[in-house]
Amino acid sequence: MRVPRTALAAAVAIAAAVGTPLLAAPSASAAPAKLADDFNGDGYRDLVMLGGSHGKDGRVTVVYGTSTGPGTRVQVLHQDSPGIPGSVEANDGWGTAATTADLDRDGYADLVVSSPHEDVGDIQSRGGLTVVWGSASGLGSGTGFNSPVPQEYPNQGDVFGEDVVTGDFDGDGDADLAVTSNSRSGVVLLKGPFTRTGKHGGWESLGSGYGYLYAANLVAGRVTADAATDLYILGMDLQDGGDDLDMRAYFHRGGGTFANRTAEVRVPDDGGHQGGDILTIGDFDKDGHGDLAIGRGYEEPDAWKGYVTVHYGGSGGPDSARKPVKFTQDTAGVPGSSEKEDYFGSAVAAGDVNGDGYADLAVGARGESLGSKDMAGSVTVLYGRAGGLSGTGAKSFTQDTSGIAGTAEANDQFGAHLKATDYTRDGRADLMIDTNEQLGYEDRWGMIHMLKGSASGTTATGSKTFTVDSLKLRYPQLGGPFGH
């Protein structure tokens, strides 16, 4: 699970008081990568997993794609890997978040890995990003990009990179990065293109229109109909002049005015907000506008039963004339029932799993109990259609579902992390599901399930499973979260 934003309390107080060898340089004539997560340019998406640790700090596991999905070629990266800048140090948080894009437009996707608590010189928790560059042979050397934000306090950094997403936010054709910062900036736009010598197209604060922006989570996608990438920031303006500390999903429309907030939707903070993959964008009603789904699996007043809210998009961003829709396990058509500590909505992922042109929504309930097996976990798929998502025809999966490897056991937390992406290149999104599965009697755990998309939707038939044993890994842990 992503490292939580530990600086919120401090930020509230502050706000109240103040206002492998180096690869050759890319050819200038190369076309950008067709897939944002195809590191070796073979036409198949590669899988990025952030779970586990390497010695004192984090690591990233990459499984390269094939025609049947992620295969058997694995690459493990950490700050002691050849060509990766820095070194493994305790609590840097390397691998807290990751995203992918062709940042240098050489035809190969690149991997961006954050380390928000990295010290830079005598500045504690300055944070930063490592860009690991793609090539015909896969990921190679890396380049570090530190926070550009001026320090607000001596020797104290801005914890740059607790979340990072990519997209062409300013609409100029180059991939950019949106990065969280525990400073007044809140979120920083690093503009492309990026080079292997550490240069980029400049930076801009997204927080200038706020009093003091606290950004908890980011999600990028196409909400409006233009080509530029849009952004939602889940967080709070800690100096908005009011007593309402409910969260907001702040909308920044891609294009020339991206740095300015365009709209916002209120997200009641029920006291249980937590990080993780709880935001996703998908066009659930196929009207040409992306819709925002927010997983609310950890809300305390409902005894952590959990729910999901969907805010539908319009021509200028969130459609204020259309009421948000709430889904629970008591919604008609949704399998199961809302029960204490199900955490329904603890993870969400959007993708068109049946190829009908409507985005569908996968919802994790990591705390779902199956009989006497507490926190065995389940995943429910809600299908998009004209008018939007509905519980009608929803499917639920557990490790007791025929075709899925393993057996439902207590604390497996099947569905703790999710990702919906077309790994098999058949036009339908496949669903990656993280499970806290114990393997044998040794301290070896973690199982990733791939449920394939089909004309009838997500199916367990022909599912694939990945473990540390099947991938022949030396370390004992494997799992999500998955990179953006």
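# A walk through the salt bridges, rings and core

Start by selecting Asp104 and Arg196, whose side chains form a salt bridge with an N to O distance of 3.2 Å; the term means a Lys or Arg side-chain nitrogen within 4 Å of an Asp or Glu carboxyl oxygen. This is a predicted model, where local features need pLDDT of at least 70 and side-chain atom pairs need pLDDT 80 or more, while totals for chains, interfaces and linings use all residues. Residues count from 1 along each chain as its sequence is written, and side-chain values use heavy atoms, without hydrogens or water.

Asp104 sits in the loop between strand S6 (98-101) and strand S7 (110-114), and Arg196, 92 residues away, in the loop between S12 and S13. Strands here are DSSP runs (E, at least two residues), numbered from the N terminus. Both partners are buried, i.e. under 20% relative accessible area (over 50% is exposed, in between is partly exposed; 1.4 Å probe, protein chains only). Add Asp106 to see a salt-bridge network of Asp104, Asp106 and Arg196.

Next, pick Arg105 and Asp174, a salt bridge at 3.8 Å, N to O. Arg105 is in the S6-S7 loop and Asp174 in the S10-S11 loop, so the pair ties together parts 69 residues apart in sequence. Arg105 is partly exposed at 31% relative accessible area, whereas Asp174 is buried at 14%. The whole structure has twelve salt bridges.

Now for the rings. There are five aromatic pairs in the whole structure, counted for Phe, Tyr and Trp (its six-membered ring) when centres lie within 6.5 Å; planes under 30 degrees apart are stacked, over 60 edge-to-face, the rest tilted. Select Phe145 and Phe194: centres 5.5 Å apart and planes at 85°, so it's edge-to-face. Both are buried. Then try Phe169 and Phe258, with centres 4.9 Å apart and planes at 20°, so this pair is stacked.

Jump to Asp360 in strand S25 (residues 360-365). What is the nearest side chain of opposite charge to this buried residue? Arg385, 7.3 Å away, and Asp360 has no salt bridge. Its side chain does reach the backbone nitrogen of Val353 at 2.9 Å.

Last stop: the largest nonpolar core, with 19 residues, where Tyr232, Met247 and Leu292 have the most contacts inside it. Such a core is a set of buried Ala, Val, Leu, Ile, Met, Phe, Trp, Tyr and Cys residues joined through side-chain atoms within 4.5 Å. Elements giving two or more residues to this core include strand S14 (213-221) and strand S15 (230-237).

Key: Helix = DSSP H or I, 4+ residues; strand = E, 2+ residues; numbered from the N terminus. Lys, Arg positive; Asp, Glu negative; His and termini not counted. Polar contact = N/O pair within 3.5 Å; in protein donor to acceptor, adjacent residues only side chain to side chain.
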